[in-house]
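Trainee: Before we discuss this entry, could we look at the sequence and the coordinates together?

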Amino acid sequence: MNYKIALVPGDGIGPEVVEQTVRVLDKIGEKYNHKFNYTTVLAGGAAIDATGECLPQETIDICKNSDAVFLGAVGGWQWDTLPGDKRPERALLGLRKELGLFANLRPALLFEELADACPLKAEIVSGGMDILVVRELTGGIYFGEKGFKDTELGPAAYDIELYSEEEVKRIAIVAFDMAMKRGKKLTSVDKANVLESSRLWRRIVTEVAKDYPEVELNHMYIDNAAMQLVRNPKQFDVIVTSNIFGDILSDEASMITGSIGMLPSASLAKGNFGMYEPVHGSAPDIAGQNKANPMATILSSAMMLRYTFGLSKEADDIENAVKSVLKAGYRTPDIMVDGMKPIGTKETGDLIVNAI
Ligand code: NAD
């Protein structure tokens, strides 16, 4: 099969980790007889330098005409003094909006080989941890009406949390579908004891559950969920939650796994279209030094194969290759511990390609 991928290397370590991922994808293509056709486009700081805009129209058009978008990272010190709406990171919000990416999937998987990097006690995570956080990405308080007004206590500012039934329904369906492919357990996180929008959220998720009788659904308040994640993370399989709660919970869940250099993510639109990227940023402190861990980006490509292209076997191949490199004791600086073999960005790519 032929697949069209819009490649957005971005800034800092973005181009380095994307380069290694392309090598991995090409190896998969060679092994399984697929052809991945890449169109490289500009976004973030690189786009500002070349065109004056962080997200040129040409980039949006090419992304929309591709089967999937694959992004490294954007941002860097050079552009930090620009006003908020002109900064490189603005490109991410623009892409989410333009591409209708309403569901953000962030797996928090604790690799057995990296258990030492987990900040929790060994007995809490013994036997591993594998959670998928499904975060609503285009609604809620981040996109609600905002403004300023005078109050009895003086000048004030407000942001409105608003969810339509339809927005909750579509993210709930994504989460139930994911649960069906995994452990068939879904935790919906809200603040229904206080917020009207959360009561609507809970009602709609409960209605959608009727179409998934095999999935065990429970509801949890956000404050309790934040606590349970560090007390007993193994109780979770799939978590579904709103934009703001998901922003916080997915970071908490991912920190439990140890290194930011290991965490992939997917943002999905209706249908199979998606944008895939590592959770980490552009890491300007280590850019261009062959120090970046490309595994998060390479694991994001496995998510792309699984969710957008329906190539599960190929995705398993990439994930198993990453595990085998870790098992053989190779480590980039971010996950290095005594007794392991040090490698850089490029060598990690070499080893994963060879393992495939
Ligand atoms: P960061 O994730 O770039 O870096 C945080 C720390 O983790 C740094 O010490 C970095 O060296 C390390 N790190 C990150 N990725 C790594 C990897 N693959 N291998 C090894 N070490 C890694 O976050 P930051 O420093 O807060 O932000 C740097 C820039 O990236 C900023 O401009 C920020 O706005 C941007 N950013 C972009 C995205 C994105 O593109 N999705 C996400 C977060 C931050």
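Mentor: Domain bounds here come from an automatic or database domain assignment, and the model under discussion is a predicted one.

Trainee: Which residue ranges does the domain assignment of the protein chain give for domain 1 and domain 2?
Mentor: The assignment names two domains, and domain 1 is written as two segments, 1-102 + 263-356. Domain 2 is given as a single range, which is 119-256.

Trainee: How much area do domain 1 and domain 2 bury between them?
Mentor: The C-alpha centres of domain 1 and domain 2 lie 26 Å apart, and the contact takes seven residues from domain 1 and nine residues from domain 2. Of the area buried between domain 1 and domain 2, 73% is on carbon and sulfur atoms, and the amount is about 940 Å².

Trainee: In domain 1, which residues lose the most area to domain 2?
Mentor: Three residues together account for 58% of what the domain 1 side buries. They are R96, F102 and Y307.

Trainee: Why is helix α1 described as oblique to helix α11?
Mentor: Helix α1 (residues 14-32) and helix α11 (residues 312-327) pack with their axes 11 Å apart, at an angle of about 130 degrees. Because angles over 145 degrees count as roughly antiparallel and those from 65 to 115 as roughly perpendicular, with the rest outside the parallel class being oblique, α1 is to α11 oblique.

Trainee: Which residues in α11 do V24, I28, K31 and Y32 in α1 meet?
Mentor: α1 passes α11 in a right-handed crossing. The residues of this contact divide into four nonpolar, no polar and four charged. On the α11 side, the residues met are K313, E314, D317 and I318.

Note on methods:
Residues numbered from 1 in each chain as written. Predicted model: local features only at pLDDT ≥ 70, side-chain atom pairs only at ≥ 80, totals over all residues. Heavy atoms only, no water. Axes fitted to C-alpha atoms, helices over the stretch in contact; angles between N-to-C directions. Helix = DSSP H or I, 4+ residues; strand = E, 2+ residues; numbered from the N terminus. Parallel < 35°, antiparallel > 145°, perpendicular 65-115°, else oblique. Left-handed = near helix turned anticlockwise from the far one by under 90°. Contact = heavy atoms within 4.5 Å. Nonpolar A, V, L, I, M, F, W, Y, C, P; charged D, E, K, R; others polar. Buried area = accessible area lost by both parts, 1.4 Å probe.
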